[in-house]
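Biologist: Could you take me through this model? I will ask short questions.

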Amino acid sequence: MNSLSNQIKTAALRMGYEKCGIIKIADMADYEGKLKERSEHVPEAKAFDEKFQRFAYLQKTYPWAKSVVVCVRQYGKYKVPEHLQGRIGKYYLFDSRRDKHSRDFQDSLKFEAYLKELGLKTETERKFGITALRWAAFKAGLGLTRRNNFFYTESGSWLHLEAWLIDQELEAIETPALKACPENCNRCVKSCPTASLSQPHIMNPLACVSFLTTFGGRDLPNDKYNAQIGCWLFGCDVCQDVCPMNKNRWQAKEEFPALSELSSHISPEKILTMDYSFLEEKVQPKFWYIDKQDVWKWKVNAINAMVNDYQEHYKEYILKACYDSNEKVREMAAWAIKKLELSA
Ligand code: B12
Ligand code: SF4
Ligand code: SF4
């Protein structure tokens with residue numbers, strides 16, 4: 001490792017990243033093979049996967065780029081509001097990609113400024129990543145990609161990955177010291193509620209609860225997975241929660257900025273009675289995978305979660321939702337009433 005690589009790595013660790021590595025841009029090319037492998041196993045996701053081809057051929061868009069700096073940051077250090085466990089994917093509770101109040105976001109800006117101070121041309125994409133982040137981290141030897149597809153370090157899989165392209169050819173590659181998955185373990189595959197994760201390393205993004213409760217699931221009354229979504233309102237953590245390699249890896253010590261206040265407004269009942277303006281102005285900026293014009297989806301997800309874990313007192317909320325201003329919510333409420341055989 002040359003001294004510039006060393007300087008970059010040291011700065012990343014100083015700024016709160018758990019690990020940092022650097023790979024040559026050409027090392028991303030074989031990500032395409034993994035993408036193709038998935039499309040072969042899951043042909044219905046081919047169109048979805050095509051959007052990620054660009055991750056393999058970065059030089060098409062960034063002809064000046066020579067290397068990828070990839071960093072790993074732990075979010076398993078934050079306290080999870082008890083009542084949101086099993087309802088909202090933890091990654092989204094502690095999402096620092098757009099949250100200016102989060103120290104993780106500020107450190108990311110500082111790290112980028114530092115790369116520029118070193119005289120490097122650099123580019124990142126904070127929302128969805130500038131490249132395939134798991135693959136970049138795997139190539140840099142920062143840890144392992146396990147059978148559930150998640151990237152793990154010694155801290156488990158509760159990690160946020162980030163990458164920057166730079167215009168110098170550098171390398172900083174580690175040799176991971178992690179043990180592979182136990183030979184006979186398939187807990188993640190067995191536990192996936194929709195069988196999205198159908199075999200080791202292969203998942204159908206379109207059947208993943210995390211997709212169905214955010215970008216997808218636009219017709220839940222007729223969705224074949226509506227029951228399997230269970231109590232989830234936004235995201236899913238099942239294939240990580242069940243993994244023995246994550247045992248005791250969540251070390252909750254810190255509060256995430258403003259989460260405690262916002263989370264006090266979130267429950268299936270509260271979402272169903274929530275003003276659309278609150279959903280648009282307070283909930284949407286934090287949980288931004290559901291667009292402002294689609295915040296009705298929160299209410300639809302809440303009704304679905306109520307149906308899947310029905311309690312007597314939900315009845316009044318579902319009946320009231322029949323008068324919601326949004327047609328999709330009214331439709332979902334009517335479906336729930338029929339399914340649960342509720343009477344007015
Ligand atoms: C698109 C996307 C989604 C989609 C589709 C998911 C998918 N797996 O394709 C949806 C919306 C469903 C989604 C949901 C979630 N996501 Co997401 N998502 C992404 C995104 C933007 C691209 C992923 C991608 O390229 N998919 C295509 C597949 C083929 O690539 P892959 O997922 O990287 O899979 C790799 C491994 O499977 C590996 N592999 C396959 N076979 C083999 C075999 C061997 C031997 C080895 C070594 C490796 C290997 O190669 C693949 C290529 O890297 C990345 C960010 C990024 N730019 O990388 C985040 C990312 C993967 N998501 C992340 C998270 C946290 C989530 C959620 C947990 C959020 C939640 N709580 O609900 C869920 C979990 C879903 C799941 N089971 O994967 C994290 C994962 C962190 C980690 N520790 O791995 C990432 C890296 C974001 C980040 N910045 O940290 N996501
Ligand atoms: S996040 Fe949930 S639905 Fe998606 S693959 Fe994992 S267990 Fe299955
Ligand atoms: S549950 Fe088992 S097979 Fe799945 S990722 Fe964890 S250790 Fe590997």
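Modeller: What follows covers the ground rules, the sheet with its helices, and two ligand sites.

Modeller: This is a predicted model, where local features need pLDDT of at least 70, side-chain atom pairs count only at pLDDT 80 or more, and totals for chains, interfaces and linings use all residues. Residues are numbered from 1 along each chain as its sequence is written, chains are lettered from A and ligands numbered from 1 in the order written, and side-chain values use heavy atoms, without hydrogens and water.

Biologist: Which strands stand at the edges of the sheet?

Modeller: Strands here are DSSP E runs of at least two residues, helices are H or I runs of at least four, and both are numbered from the N terminus. Strands pair if DSSP finds at least two bridges between them. The open sheet has 4 strands, antiparallel, in the order 1-2-6-3. Each edge strand has a single partner, so one side is left without a neighbour in the sheet: these are strand 1 (19–24) and strand 3 (122–123).

Biologist: How many bridges join strand 2 to strand 6?

Modeller: Strand 2 covers residues 67–74 and strand 6 covers residues 159–166. V69 has W164 of strand 6 as its bridge partner. The two strands run antiparallel, and the number of bridges is 8.

Biologist: What angle does helix 6 make with strand 6?

Modeller: Helix 6 (residues 103–117) packs on the sheet and touches strand 2, strand 3 and strand 6. Contact means heavy atoms within 4.5 Å. Axes are lines fitted to C-alpha atoms, for helices over the stretch in contact, with angles from 0 to 180 degrees between N-to-C directions. For helix 6 and strand 6 the value is about 20 degrees.

Biologist: How many charged residues does the shell around ligand 2 have?

Modeller: Residues around the ligand have a heavy atom within 4 Å of it. They include C192, T194, S196 and C239. The shell has 8 nonpolar and 2 polar residues; charged residues: no.

Biologist: Which residues around N326 are in contact with it, leaving aside neighbours within four places in sequence?

Modeller: N326 is in the loop between helix 15 (314–321) and helix 16 (327–340). Its contacts are Y276 and W296.

Definitions and conventions:
Nonpolar A, V, L, I, M, F, W, Y, C, P; charged D, E, K, R; others polar.
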